[in-house]
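Welcome, and please have your viewer ready. We will go from the whole chain to single residues, one selection at a time.

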Amino acid sequence: MITASALAKVMVELADEAATLRFGGAIAELIEQSLIITLQGDLGAGKTTLSRGILQGLGHKGAVKSPTYTLVEPYQLLLGAVYHFDLYRLSDAEELEYMGFTDYLTDARLCLIEWPEQGQGFLPEADIAVALSQSGEGRCVILSAYSACGEQLVNQLANQLNWGRD
């Protein structure tokens with residue numbers, strides 16, 4: 001799915017769910033431009049938890065549920081329209097066309113897309129690709145930037161939080 005080389009990359013170890021939520025909040029604080037963020041990882045790796053942290057960091061006060069069965073959950077926040085996609089149940093990437101995926105992109109300030117590999121060939125290039133994996137009781141998270149605005153956010157995050165790059 002990702003065809004270009006990453007412009008910037010950050011890896012961080014998160015101890016638990018609370019740390020994952022805080023990390024999502026730190027990402028949210030730096031969002032200034034429209035972005036597409038993809039989230040990849042096995043079941044239970046923390047994709048929805050990180051998405052919840054981002055959405056809460058953007059000011060969402062209610063519950064954040066995984067859109068596994070609905071494919072998309074829309075949020076109207078101060079930032080603008082935010083769409084949280086979960087493509088796990090997608091059987092064919094072409095289904096995205098039938099559900100009006102490109103219309104969401106036109107309106108969105110932020111798209112969070114879990115299981116982007118299910119939409120391969122139809123999804124646009126991500127600004128930031130997030131790879132999550134279990135690491136003991138916590139999570140290992142790698143953010144890779146593939147656009148100028150993604151690179152800016154990843155670099156700011158690395159500098160602000162004093163996290164190392166790989």
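Here is a tour in short stops, starting with some ground rules.

**Before you click**

This is a predicted model, in which local features need pLDDT of at least 70 and side-chain atom pairs count only at pLDDT 80 or more, while totals for chains, interfaces and linings use all residues. Residues are numbered from 1 along each chain as its sequence is written, and side-chain values use heavy atoms, with hydrogens and water left out.

**Stop 1: the whole chain**

Show everything as a cartoon. You should find five helices and seven strands; helices (H or I, at least four residues) and strands (E, at least two) are DSSP runs, numbered from the N terminus. Follow the chain from the N terminus and the elements come in the order β-α-β-α-β-β-α-α-β-β-β-α.

Now zoom out. The C-alpha trace spans about 45 × 35 × 35 Å along its principal axes. The radius of gyration, taken over C-alpha atoms, is compared with a globule rule of 2.2 Å times the number of residues to the power 0.38. For 166 residues a compact globule would come near 15 Å, and the protein's 15 Å agrees with that.

Switch on the surface. About 8,000 Å² is exposed, and carbon and sulfur atoms supply 46% of it; these areas come from the Shrake-Rupley method with a 1.4 Å probe, and for residues only the protein chains shown count as cover. Of the 166 residues, 51% are buried. Buried means under 20% relative accessible area, exposed over 50%, and partly exposed in between (1.4 Å probe, protein chains only).

**Stop 2: helix α2**

Select residues 47-57, which form helix α2. How many of the 11 residues of α2 are buried? Eight of them are, so the helix is mostly covered. The buried set includes Lys47, Thr48, Leu50 and Ile54. To see what the buried residues pack against, add α1, β2 (35-40), β3 (72-77), β4 (80-86), β5 (108-114) and β6. Just after α2, click Gly59, where phi is positive at about 110 degrees.

**Stop 3: Lys47 and Thr48**

Show the side chain of Lys47. Lys47 is buried but has no salt bridge, a salt bridge being a side-chain nitrogen of Lys or Arg within 4 Å of a carboxyl oxygen of Asp or Glu. Which side chain of opposite charge is nearest to Lys47? That is Glu114, 5.0 Å away; here Lys and Arg count as positive and Asp and Glu as negative, while His and the chain ends are not counted. The Lys47 side chain does reach the backbone oxygen of Asp42, at 2.9 Å. Setting aside neighbours within four places in sequence, the contacts of Lys47 (heavy atoms within 4.5 Å) include Leu39, Trp115 and Leu132.

Move to Thr48, which is buried at 16% relative accessibility. Its side chain makes a polar contact with the side chain of Glu114 (2.9 Å). A polar contact is a pair of N or O atoms within 3.5 Å; within protein, one must be able to donate a hydrogen and the other to accept it, and residues adjacent in sequence count only if both atoms are side-chain atoms.

**Stop 4: the salt bridge**

Side chains of opposite charge can pair when their charged atoms come close. The count here is one salt bridge. Select Glu17 and Arg52, whose side chains meet at 3.7 Å, N to O. Glu17 lies in helix α1 (residues 17-29) and Arg52 in helix α2, so the pair ties together parts that are 35 residues apart in sequence. Glu17 is partly exposed, at 47% relative accessibility.

**Stop 5: Trp115**

Find Trp115 in the loop between β5 and β6. It is buried, with a relative accessible area of 13%. Most residues other than glycine have a negative phi. Trp115 has a positive phi, near 60 degrees.

**Stop 6: two strand residues**

Select Val130 in strand β6 (residues 128-135). Val130 has a relative accessible area of 3% and is buried. Its contacts beyond four places in sequence include Ile37, Leu50 and Val141.

Finish at Leu14 in strand β1 (residues 8-14), where the relative accessibility of 6% counts as buried. Which C-alpha lies 5.4 Å from that of Leu14, though 124 residues apart along the chain? It belongs to Gly138, which is also among the contacts of Leu14.
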